[in-house]
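Visitor: I am new to this structure and should like to understand the terms applied to it. Would you kindly explain the reasoning as we proceed?

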There are 2 protein chains.
Amino acid sequence: MDDLEPAQRSKYPRVEESTEATDQEQVRVSENLPKPPEPDVVPGNLYRTTDLASGSRKDKCIIQYKRTYKNKSKVKLIQEETPHDQGTDNLEGGPSTRLRPRKLNQPPKDPKHVTHKVVAKDELKTSGNRGKSASGIQASAGSSSKKAEAKYSCEVCMMNFGSKKELGLHEKNICSVKGCGKKFASHKYLIHHQKVHREDRPLQCTWEGCTKTFKWAWARTEHIRVHTGDRPYTCAETGCGKTFRFVSDLSRHRRKTGHSG
Amino acid sequence: MDDLEPAQRSKYPRVEESTEATDQEQVRVSENLPKPPEPDVVPGNLYRTTDLASGSRKDKCIIQYKRTYKNKSKVKLIQEETPHDQGTDNLEGGPSTRLRPRKLNQPPKDPKHVTHKVVAKDELKTSGNRGKSASGIQASAGSSSKKAEAKYSCEVCMMNFGSKKELGLHEKNICSVKGCGKKFASHKYLIHHQKVHREDRPLQCTWEGCTKTFKWAWARTEHIRVHTGDRPYTCAETGCGKTFRFVSDLSRHRRKTGHSG
DNA sequence: CTTTCTCTGTTTTGTC
DNA sequence: GGACAAAACAGAGAAA
DNA sequence: CTTTCTCTGTTTTGTC
DNA sequence: GGACAAAACAGAGAAA
Ligand SMILES: [Zn+2]
Ligand SMILES: [Zn+2]
Ligand SMILES: [Zn+2]
Ligand SMILES: [Zn+2]
Ligand SMILES: [Zn+2]
Ligand SMILES: [Zn+2]
Ligand SMILES: [Zn+2]
Ligand SMILES: [Zn+2]
Ligand SMILES: [Zn+2]
Ligand SMILES: [Zn+2]
Ligand SMILES: [Zn+2]
Ligand SMILES: [Zn+2]
Ligand SMILES: [Zn+2]
Ligand SMILES: [Zn+2]
Ligand SMILES: [Zn+2]
Ligand SMILES: [Zn+2]
């Protein structure tokens with residue numbers, strides 16, 4: 001009843017506010033946590049490396065190198081320097097037209113030095129991989145079928161899709177919702193299945209005072225029996241006569257006992 | 001504390017025991033429930049039917065007819081009689097070697113009469129469809145990969161399957177667990193995905209006194225922040241600086257606001 | 001609608 | 001450039 | 001392990 | 001024999 005209490009929706013109690021920890025300090029929760037691998041190098045330092053093929057050793061340090069990604073940002077640049085090229089700042093003179101890498105939520109850690117082919121600066125300007133596309137089964141972008149950009153349409157059910165890949169999955173009876181990717185035996189059910197991705201639960205329990213709602217008619221049909229106490233399923237095995245409220249429980253009984261199979 | 005109370009695990013209160021209802025009476029729960037369609041015929045009675053093609057009317061009644069199924073029981077026989085053939089009991093002289101239909105949990109309702117081709121009794125003896133197989137994507141039988149009947153093996157990951165169809169799905173990166181049927185972009189992840197079908201949760205929260213367990217390392221990583229209060233994600237947009245405890249919330253913030261996209 | 005938090009398929013990172 | 005495993009991400013989505 | 005109950009992909013049923 | 005929608009089934013699986 002104290003209206004000065006700040007809104008607190010968390011279902012967990014919080015640890016005491018640490019009076020010492022600064023923003024920069026990493027809070028280590030427990031010694032049991034798997035520690036991140038300690039980077040044996042930091043950018044700008046020198047490192048002795050071994051070439052895996054020849055076995056010869058070299059002194060090197062961080063230098064820029066290319067990395068290919070699957071996403072629309074095709075080239076990642078990470079600062080490296082050769083010990084004999086420290087005067088040259090490889091951030092200047094960079095290609096201003098290159099695609100930027102995907103925005104990261106956390107800054108990348110310092111990479112450990114490994115034997116790697118050094119990429120010439122002019123080679124960095126020509127970043128290829130423009131043709132690469134996402135490799136996931138489920139939709140990665142533009143999965144909205146109600147947007148104005150409904151460019152791809154299924155001839156069978158007239159559903160619209162934002163990309164050719166999504167329509168292709170749909171035509172193979174695969175749900176293109178991100179994280180779903182289920183394949184079905186019929187196109188009709190693929191449409192019906194979409195209700196699992198909608199939030200509405202249009203069916204209601206008809207029992208007085210019960211507010212339960214459902215997406216599937218059968219779920220409601222069986223739920224109502226918890227109110228009535230009905231046990232409509234009886235094992236047909238002679239001498240058994242066990243009764244069940246839910247069809248699945250009779251099915252399991254028959255499967256486990258071999259009754260009236 | 002009354003030890004005469006019977007064990008009651010239901011989470012719902014039961015309706016009062018009906019003193020009138022017999023075993024035969026169907027308990028009708030509510031008037032709002034969709035009533036089953038009233039059968040306008042009962043077996044043995046006469047019915048006036050209209051042939052859909054010719055429009056001519058005939059008096060008929062229930063007679064045996066064939067029905068094809070997808071499952072191992074290929075032919076279903078339902079009692080019908082012609083009005084001029086009532087003396088002949090079509091249960092006698094039936095083919096004793098025919099496959100029985102799948103055992104049903106509930107007796108079938110009386111079928112409504114429709115215009116249907118009458119099947120001769122001798123035709124009933126020759127029930128075909130021996131070659132039909134299950135059409136589902138997900139496993140229908142023998143999905144046990146730890147049984148002795150591990151006949152089909154994936155050459156890539158050495159997983160075993162009970163049927164050729166299951167192995168075929170697996171080789172197309174489709175999970176063959178019944179009700180799953182998900183298709184993935186890599187074979188490696190298909191193996192990793194199987195943990196969602198196992199009941200063990202091998203990862204534990206390391207916080208003193210917390211008993212939460214996890215299947216996925218990342219879920220534990222983010223969960224621990226509810227104890228520490230850590231909010232490691234900060235929007236990089238100039239002047240915004242909003243912080244988040246979970247990476248998904250920063251991602252959504254960037255998607256909705258366009259910040260540092 | 002909101003915020004808090006979990007699950008999981010794919011992408012990115014670290015290392016060789 | 002490759003491979004691979006671990007970490008992180010980016011949604012979907014449940015709960016309040 | 002058990003029992004209770006919900007969700008959902010496929011099969012069966014009812015009807016034309 | 002077909003088609004189609006509604007009902008039912010047969011698991012998986014969450015919860016206690
Ligand atoms: Zn170096
Ligand atoms: Zn379609
Ligand atoms: Zn789906
Ligand atoms: Zn339906
Ligand atoms: Zn109810
Ligand atoms: Zn029994
Ligand atoms: Zn008839
Ligand atoms: Zn395999
Ligand atoms: Zn699966
Ligand atoms: Zn993993
Ligand atoms: Zn915890
Ligand atoms: Zn922001
Ligand atoms: Zn390389
Ligand atoms: Zn919700
Ligand atoms: Zn027919
Ligand atoms: Zn459980």
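Visitor: How do you know that the copies meet through the same surface?
Guide: In this predicted model, 100% of the interface residues of chain A are also interface residues in chain B, so the copies meet through the same surface.

Visitor: What makes the relation between chain A and chain B that of a two-fold axis?
Guide: Chain A can be laid on chain B by a turn of 180° with a shift of 0.0 Å along the axis, and the RMSD is 0.1 Å. That is the relation of a two-fold axis.

Visitor: Which residue of chain A comes closest to the rotation axis?
Guide: Of the residues of chain A, that is A:Lys182, whose C-alpha lies at 2.0 Å.

Visitor: Why is the pair A:Asp249 and A:Arg252 called a salt bridge?
Guide: Side chains of opposite charge can pair when their charged atoms come close. The term requires a side-chain nitrogen of Lys or Arg within 4 Å of a carboxyl oxygen of Asp or Glu. The closest N and O atoms of A:Asp249 and A:Arg252 are 2.8 Å apart, so the pair meets the cut-off of 4 Å. Both residues lie in helix α5 (residues 247-257) of chain A, three residues apart, about one turn of the helix.

Visitor: Why are A:Asp249 and A:Arg252 called partly exposed?
Guide: Buried means under 20% relative accessible area and exposed means over 50%, with partly exposed in between. A:Asp249 has 24% relative accessibility, so it counts as partly exposed. A:Arg252, with a relative accessible area of 38%, is therefore partly exposed as well.

Visitor: How many salt bridges does the structure hold, over all chains?
Guide: There are six over all chains. Among them is the one between A:Arg198 and A:Asp200, with the closest N and O atoms 4.0 Å apart. In chain B, the side chains of B:Arg198 and B:Asp200 meet in a salt bridge, with 4.0 Å from N to O.

Visitor: What makes B:Arg198 and B:Asp200 partly exposed?
Guide: The relative accessibility of B:Arg198 is 44%, so this residue counts as partly exposed. For B:Asp200 the value is 40%, which means that this residue too counts as partly exposed.

Visitor: Where in chain A does pLDDT stay under 50?
Guide: It does so over residues 19-44, for which the model has 29 contacts beyond four places in sequence. Residues 83-100 also stay under 50, with 21 such contacts. Where pLDDT is low, the predicted coordinates should not be read in detail. Chain A averages a pLDDT of 72, and 53% of the residues score at least 70.

Methods. Residues are numbered from 1 along each chain as its sequence is written. Chains are lettered from A and ligands numbered from 1 in the order in which they are written. This is a predicted model: local features need pLDDT of at least 70, side-chain atom pairs count only at pLDDT 80 or more; totals for chains, interfaces and linings use all residues. Side-chain values use heavy atoms; hydrogens and water are left out. Helices (H or I, at least four residues) and strands (E, at least two) are DSSP runs, numbered from the N terminus. Buried means under 20% relative accessible area, exposed over 50%, partly exposed in between (1.4 Å probe, protein chains only). pLDDT is the predictor's confidence in each residue, from 0 to 100. Contact means heavy atoms within 4.5 Å. Copies are superposed by least squares on the C-alpha atoms of residues with pLDDT of at least 70 in both.
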